[in-house]
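Open the model in your viewer and keep the sequence panel beside it. The stops below tell you what to select and what is there.

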Amino acid sequence: MSRIYLSLASSLGSRDANIDRALTLLKKEIRIIRSSSFYETEPAGQNDQPQILNITAQGETNLSPEELLKFTQSVEKKMKRVKAIFSGPRNIDIDILLYDDEIIHTPELVIPHPRMLDRAFVLAPLCEIAPDLIVLGCSVKDALTALDGSAVNKHG
């Protein structure tokens, strides 16, 4: 089995219920080992949208990276995710952060996620569940310390 890390986010509807439903659907192909607390953040870019609820989850799967991408996209589709605006509000967003120690660069998939080390809303929940995880030569804890995480707050 391969070890994976995912980022889940929701900014529309019942955000925590959306993330919980996505986790339930993901369990069909992924054994979720642990997930972080919920973290709330302001939207990046367009500020005229609701706050975003974020978590990260560690799991194991037998799916290949490409199969995992198709599977996570199928979960988003099943939850009727609509991409109306780039970085706009959505009921669910599932990103593959890491897949074992693989580095993948294809037109469809980039692993590690290309912007994960620049996003406190990804690193704060990831640091909660795997602070010593090394990504591209840097620990998650050190990467988070280097960013301004003041806009990322535990929710609930």
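Begin on the surface and select E29, E66, E67, E102 and E108, which gather in a patch of negative charge. A patch is built from residues with over 30% relative accessible area and no salt bridge, with like charges joined within 9 Å and nonpolar side chains (Val, Leu, Ile, Met, Phe, Trp, Tyr) joined within 5 Å. Lys and Arg count as positive and Asp and Glu as negative, while His and the chain ends are not counted. A charge is placed at NZ of Lys, CZ of Arg, CG of Asp or CD of Glu. Accessible areas come from the Shrake-Rupley method with a 1.4 Å probe, and for residues only the protein chains shown count as cover.

Before going on, note that this is a predicted model, in which local features need pLDDT of at least 70 and side-chain atom pairs count only at pLDDT 80 or more, while totals for chains, interfaces and linings use all residues. Residues are numbered from 1 along each chain as its sequence is written, and side-chain values use heavy atoms, with hydrogens and water left out.

Stay with the patch and pick out E67, found in helix α2 (residues 65-78). Helices (H or I, at least four residues) and strands (E, at least two) are DSSP runs numbered from the N terminus. E67 counts as partly exposed because its relative accessibility is 42%; buried means under 20% relative accessible area, exposed over 50%, and partly exposed in between (1.4 Å probe, protein chains only).

Next come the salt bridges, each a side-chain nitrogen of Lys or Arg within 4 Å of a carboxyl oxygen of Asp or Glu. By this rule the count comes to five salt bridges. Three of them are visited here.

Select D101 and R3, whose closest N and O atoms are 3.8 Å apart in a salt bridge. D101 lies in the loop between β5 (93-99) and β6 (104-105) and R3 in strand β1 (residues 2-10), so this pair ties together parts that are 98 residues apart in sequence. D101 is exposed, at 69% relative accessibility, and R3 is partly exposed, at 29%.

Move to E40 and R15, a salt bridge with its closest N and O atoms 2.7 Å apart. E40 sits in strand β3 (residues 39-41) and R15 in helix α1 (residues 15-26), distant parts of the chain 25 residues apart. Are these two residues buried or exposed? Both E40 and R15 are buried.

Now select E60 and R31, whose side chains meet in a salt bridge (2.8 Å, N to O). E60 is in strand β4 (residues 52-61) and R31 in strand β2 (residues 30-35), 29 residues apart. E60 is partly exposed, with a relative accessible area of 21%, and R31 is partly exposed at 46%.

From R31, go on to S36 in the loop between β2 and β3. S36 counts as buried, at 8% relative accessibility. Leaving aside neighbours within four places in sequence, S36 is in contact (heavy atoms within 4.5 Å) with I55, T56, P125, E128 and I129.

Then select helix α3 (residues 120-129): eight of its 10 residues are buried, so the helix is largely enclosed by the rest of the structure. The buried residues include P125 and I129. Their cover includes β1, β2, β3, β4, β5 and α4 (140-145).

End at P114, in the loop between β7 (110-111) and α3. P114 is partly exposed, at 48% relative accessibility. Add I92 to the selection: the C-alpha atoms of P114 and I92 are separated by 19 Å, and the two residues are 22 residues apart along the chain.
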